[in-house]
Amino acid sequence: QVIKCKAAVLWEANKPFSIEEVEVAPPKEHEVRIKIVATGICRSDDHVITGALVMPFPIILGHEAAGVVESVGQRVTSVKPGDKVIPLFVPQCGKCKTCLNTKGNLCSKTDLGTRAGLMLDGTTRFTCKGKAIYHFLGTSTFTEYTVAHESAVAKIDAAAPLEKVCLIGCGFSTGYGAAVQTAKVEPGSTCAIFGLGGVGLSVVMGCKAAGASRIIAVDINSDKFAKAKQLGATDCINPRDSKKPIQEVLMEMTDGGVDYSFEVIGRTDTMTAALACCQNNYGVSVIVGVPPTAQNITFDPMLLFTGRSWKGSVFGGWKSKDAVPKLVADYMKKMFVLDPLITHTLPWTKINEGFDLLRTGK
């Protein structure tokens, strides 16, 4: 039956979340209803608030979480009530062209780029004050209960601490995978990472795990440098400390450019700087930050003609339903840490304070 619970509803852009009572419909065929135990705050959620990422309103945001299955719809086979799960904003249907290709992970069932805000049948499972509320990326985790398609739910180790592994639902996997999966960083290589939020720090961890000899962390907030060094950065640079463009500083530091660069902010100017700072013939630059909806990039094509590669990476290139349980298992084996990525733990009714901390770089 319908569950009444609390959710953080965003009624319109550039307004705070409002904690409302919502009705969450039961899961339909191939759907799963999940009790959310822990959710992370990601800059992509904030992009919707500011209008940089265009979505329909009213909406329940959130896409980095962990929880417990409350009930399942008909024909669901991969999870059962009581299972610990992570919702997947990049689903894995296993049937589409991308899912069947070994090189891809962006399943055609994703809501990313379509801006529909609805379940696959074109309807929503959330109602508030008699109004239909839109879903976000098929996950909508800023609520006590949510509904996701079975292809967007991964069953994980029952012993996993949900308040930590929720980060595997987005931030950690996105950054770590960008280094080890998308770029395929090699031992002894040099890397530059633009942006040292949770995802950027996860890129640092990925570069270190891959054996990079030099990991240069770039951010305009020098407060982030200590943690970057703790996680593996060898050098930290604040672009504001130099009169030269950052790409020139990096070219000089590395005798002609880095092997791999990562843009983990979501700004077009830093995307072109990251491309320009990598070696002109075999350098690889990866866009990890979500680009703003209405902006285009103008750049000198000579940057690519000489041989550089420019790549994008969504969810670290992982095939989500396959990879997430494995990543959780690796975390349980202490193959990587998540604690340094967690700066604050708040009761979720203080979600607006959480976003204030994000915006002030804390």
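**View 1. Polar contact and salt bridges across the interface of domain 1 and domain 2.** Across this interface the rule finds 1 residue pair in polar contact, both residues at pLDDT 80 or more, a polar contact being a pair of N or O atoms within 3.5 Å, where within protein one must be able to donate a hydrogen and the other to accept it, and residues adjacent in sequence count only if both atoms are side-chain atoms. On the side of domain 1 that touches domain 2, the residues divide into 6 nonpolar, 4 polar and 1 charged, with Ala, Val, Leu, Ile, Met, Phe, Trp, Tyr, Cys and Pro counted as nonpolar, Asp, Glu, Lys and Arg as charged, and the others, Gly among them, as polar. The rule finds 0 salt bridges across the interface, a salt bridge being a side-chain nitrogen of Lys or Arg within 4 Å of a carboxyl oxygen of Asp or Glu. The model is predicted, so that local features need pLDDT of at least 70 and side-chain atom pairs count only at pLDDT 80 or more, whereas totals for chains, interfaces and linings use all residues. Residues are numbered from 1 along each chain as its sequence is written, and side-chain values use heavy atoms, with hydrogens and water left out.

**View 2. The area buried between the two domains.** Domain 1 (3–171 + 317–360) and domain 2 (183–312) follow the domain assignment of the protein chain, their bounds coming from an automatic or database assignment. The area buried between them is about 950 Å², of which carbon and sulfur atoms give 63%; buried area is the accessible area (1.4 Å probe) that two parts lose on being put together, summed over both. In domain 1, Gly-171, Pro-340 and Leu-341 lose the most area to domain 2, together 44% of what that side buries.

**View 3. The salt bridge of Glu-70 and Arg-33.** The closest N and O atoms of this pair are 2.6 Å apart. Glu-70 in strand 4 (residues 65–72) and Arg-33 in strand 3 (residues 31–39) are 37 residues apart, strands (E, at least two residues) and helices (H or I, at least four) being DSSP runs numbered from the N terminus. Arg-33 is buried at 2% relative accessible area, while Glu-70 is partly exposed at 28%; buried means under 20%, exposed over 50%, and partly exposed in between (1.4 Å probe, protein chains only).

**View 4. The salt bridge of Asp-46 and Arg-359.** The two side chains meet at 2.7 Å, N to O. Because Asp-46 lies in helix 1 (residues 43–50) and Arg-359 in helix 11 (residues 351–359), the pair ties together parts that are 313 residues apart in sequence.
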